[in-house]
Amino acid sequence: MPELPEVESIVRQLSPALTGRHVRAVEMARRDIVRGGPHALEDVLPGREVRAVTRRAKRIQIELEGGVLAFHLGMSGRLTLAAAAAPVEKHTHVRIRLDGGDEELRFRDPRRFGGIWFLENATTGQGRFFGEVGPEPLELPLKDFRAILRRSRRQVKAALLDQSIIAGLGNIYADEALFDAGVHPLRRTDTLGDDEARRLLASIKKVLRRAIRCNGSTLSDYRRADGSEGDFQRFHRVYRKTGEACPNCGEVIARLVAAGRSTHLCPRCQPAPQAVVNLKARARTPRRSIERGRRLLSTPRSPERQR
Ligand SMILES: [Zn+2]
């Protein structure tokens, strides 16, 4: 699924290519891909000028004269600028023709977890249609991040994935940032010390900035606006590296499930929280010693103790 760096890479290509141009025509293969606002985009978009292309969380916002056209790529969405004469791929739901060139913007999404919103007379500052979205991690001050961690009191991986807490992080960058910071994904957010919080925020920003410089990670569906692939997958250190050696210490990269998602970590660089250590120790304890322990516990108390 495209995360902040992938969406940012698309925006950085679309912004100079689209700004100042006008929508000439819209062709829609399916209307239900429009999730909010009028579904007949061909009636409302033509004639409007593109004022800017921006990103908020994981969505692309085309700021038009008198409205905002927003795209969420979901799992498999692509928003590309293609020559109007180029063959149209299957699952291309919307084509937006622009003046000043022979190109069109195409939205393609085979799995349709993504969508399009048109917010008439709205600006990007308004939250309509999107629900609550947390702060942008690249602009997040440390004191706000600490407050978020204290309030959340959940496993840190789950908190990082929750878009209402912090916007834009997904499975790849949460795993890479936690590894970079040396924080175990199952640590509870309110148990992280000041140093750990500082390290984690610095790692989140570092990993995201590097990924943006590499135009994001292409593992399957993600493509940039010009159709090319991202490059950051070559620099992943733990994500989907289960069984390989940790680049820091040589320990074998492990996989566990956190927040219902596959999570990759180095068990040595990211020490487990005490609760997990206890659980593992119990799992390793031979059955007969557990039974002996139970017998001891159920032995009637001695007369002195009862007094
Ligand atoms: Zn390691």
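A salt bridge here is a side-chain nitrogen of Lys or Arg within 4 Å of a carboxyl oxygen of Asp or Glu. By that yardstick, E104 and R106 pair up, with their closest N and O atoms 2.7 Å apart. This is a predicted model, and a search through the whole of it turns up 27 salt bridges.

E104 is a good place to start. Besides R106, E104 also has R97 as a salt-bridge partner, and there the closest N and O atoms lie 3.0 Å apart. How exposed or buried are these residues? E104 has a relative accessibility of just 1%, so it counts as buried. R106 is buried as well. R97, on the other hand, is partly exposed, with a relative accessible area of 26%. E104 thus bridges to one buried arginine and to one that is partly exposed.

The pair E49 and R51 sits in another setting. Their side chains form a salt bridge with an N to O distance of 3.7 Å. E49, at 22% relative accessibility, falls in the partly exposed class; the cut-off for buried is under 20%. R51 is partly exposed too, at 48%, with exposed starting over 50%. Salt bridges also join into a network elsewhere, and this one links E8, R12, R55, R56 and E136. In general, side chains of opposite charge can pair when their charged atoms come close.

Turning to helix packing, α5 (residues 171–181) and α6 (residues 194–213) have axes that come within 8 Å and cross at roughly 130°. The two helices are therefore oblique to each other, and their crossing is right-handed. Sorted by class, the residues in this contact are 9 nonpolar, 1 polar and 4 charged. On the α5 side the contact is made by Y173, E176, A177, L178, D180 and A181. Facing them from α6 are R199, L200, S203, I204, K206, V207, L208 and A211.

Finally, a word on the backbone. Most residues other than glycine have a negative phi. R112 goes the other way, with a positive phi of about 55°. This arginine is found in the loop between β8 (103–108) and β9 (115–120), and R112 is partly exposed, with 35% relative accessible area. R153 likewise has a positive phi, near 55°. Its place is the loop between α3 (142–152) and α4 (156–161). With a relative accessible area of 53%, R153 counts as exposed, since the cut-off for that class is over 50%.

Terms used
Residues are numbered from 1 along each chain as its sequence is written. This is a predicted model: local features need pLDDT of at least 70, side-chain atom pairs count only at pLDDT 80 or more; totals for chains, interfaces and linings use all residues. Side-chain values use heavy atoms; hydrogens and water are left out. Buried means under 20% relative accessible area, exposed over 50%, partly exposed in between (1.4 Å probe, protein chains only). Axes are lines fitted to C-alpha atoms, for helices over the stretch in contact, and angles run from 0 to 180 degrees between N-to-C directions. Helices (H or I, at least four residues) and strands (E, at least two) are DSSP runs, numbered from the N terminus. Angles under 35 degrees count as roughly parallel, over 145 as roughly antiparallel, 65 to 115 as roughly perpendicular and the rest as oblique. A crossing is left-handed if the near helix is turned anticlockwise from the far one by less than a right angle, and right-handed if clockwise. Contact means heavy atoms within 4.5 Å. Ala, Val, Leu, Ile, Met, Phe, Trp, Tyr, Cys and Pro count as nonpolar, Asp, Glu, Lys and Arg as charged, and the others, Gly among them, as polar.
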